[in-house]
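Student: Could you take me through one part of this structure in detail? I would like to look closely at how two packed helices are described.

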Amino acid sequence: MAILVTGGAGFIGSHFIEMALARSDAKLICLDCYNDFYDPELKRSNVAKFHENDRVEVVEEDFCNHSAMLALFEQHAVSHVVHLGAYAGVRYSVENPFVYERSNVAGTLSLLEAARRFPVERFLLSSSSTVYGRGAAVPFTEDAPLGIPMSPYGATKRSAELLALAYHDLHRIPSVCLRPFSVYGPRLRPDLAMTVFTDAIEYGKPLPLFGDGSIRRDFTHVSDICAGFYAALSADGVVGESINLGHSEPIEVRALIAELERALGKKAVIDQQPEKPGDMPITYANLEKAERLLGYRPQMDFREGVSEYVAWFREYHAGK
Ligand SMILES: NC(=O)c1ccc[n+]([C@@H]2O[C@H](COP(=O)([O-])OP(=O)(O)OC[C@H]3O[C@@H](n4cnc5c(N)ncnc54)[C@H](O)[C@@H]3O)[C@@H](O)[C@H]2O)c1
């Protein structure tokens, strides 16, 4: 078994590689281009956790480079793809849509085409809760009508899903689309609200709060997300499906701030700002399908997860 993990140096990808190393004897190929969407130093420190492991091949390459992908699939006899590599983040996509279109749409196509030439046993695509968009019924249910994506990011994730599903129909690529909801945990991306809030509270800076803090997010711990991906590598009945990976307990952003204040032992200095375009008012996963097909049940309690994250944040920044 040779699992190609795209975006393997990123937040979720690096956790997935560690989980797969612990749970299997598979060979892992960690593919990443270390783009500068956020500080590549954090990505390099993520990779340092497994760089020396004999079962991991670390490859620095852009998956939009199709000839390089063909060579990589052949050389490493890739049997499973966990496609986590992407430009993530809603707000940045509003100003920089072209980089999202390239990595998230053309890049996914490049990998699907490689999988067509060098067949794989499973192709897991990391989609996103943002595909539900404006107008989707809450809680979000996979096989109910989707709304209109509220950002270029959401639109590129929906496009990537459609390509993966079309390649399943047309070429029998064993695609599965997994839809993570607001993932958090150690090594969290610096652009995400939980990092921005933690940084502000810890260092006494103004905390930028867009809107009144009543928007709700279905925060899901990275270990639960990785367990869902891992189960989808071998589960029956999942090919050609889209499946939510969430926590099914939406939390208001102002409650997140209160939880961070508790974990840090400090008060936030709120800098009230108008609402930002692109933000959905709520994300909320229906997990019936994930439980039925993957045996997925989120384990990490939010309070415990926030405390663990804050401990990591302090340790990482103390060592910088
Ligand atoms: N973190 C979340 O809350 C969340 C929620 C829903 C979906 N997702 C999805 O999960 C996946 C992983 O997200 P993350 O939070 O770990 O993001 P991340 O930015 O930490 O990781 C993505 C990695 O992909 C790499 N990458 C991007 N374009 C590439 C390319 N063309 N070639 C090679 N590498 C490339 C980046 O360098 C980065 O290291 C993404 O597909 C994201 O859209 C994340």
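Tutor: Happily; here is a close look at one helix pair. This is a predicted model, in which local features need pLDDT of at least 70, side-chain atom pairs count only at pLDDT 80 or more, and totals for chains, interfaces and linings use all residues. Residues are numbered from 1 along each chain as its sequence is written.

Two packed helices are described by the angle between their axes and the distance between the axes. Here the pair is α9 (residues 253–264) and α11 (residues 302–318), packed at an angle of about 55 degrees with axes 9 Å apart. Helices are DSSP runs of H or I with at least four residues, numbered from the N terminus. Axes are lines fitted to C-alpha atoms, for helices over the stretch in contact, and angles run from 0 to 180 degrees between N-to-C directions.

α9 and α11 are therefore oblique to each other; angles under 35 degrees count as roughly parallel, over 145 as roughly antiparallel, 65 to 115 as roughly perpendicular and the rest as oblique. The crossing of α9 and α11 is right-handed, that is, the near helix is turned clockwise from the far one by less than a right angle.

On the α9 side, E259, L260, A263 and L264 make the contact, and α11 contributes R303, V306, S307 and V310. Contact requires C-beta atoms, placed from the backbone, to lie within 7 Å. By class, the residues of this contact are 5 nonpolar, 1 polar and 2 charged, with Ala, Val, Leu, Ile, Met, Phe, Trp, Tyr, Cys and Pro as nonpolar, Asp, Glu, Lys and Arg as charged, and the others, Gly among them, as polar.

Elsewhere, helix α8 (residues 222–232) runs at about 170 degrees to β6 (175–180).

Terms used. Helix = DSSP H or I, 4+ residues; strand = E, 2+ residues; numbered from the N terminus. Contact = placed C-beta atoms within 7 Å.
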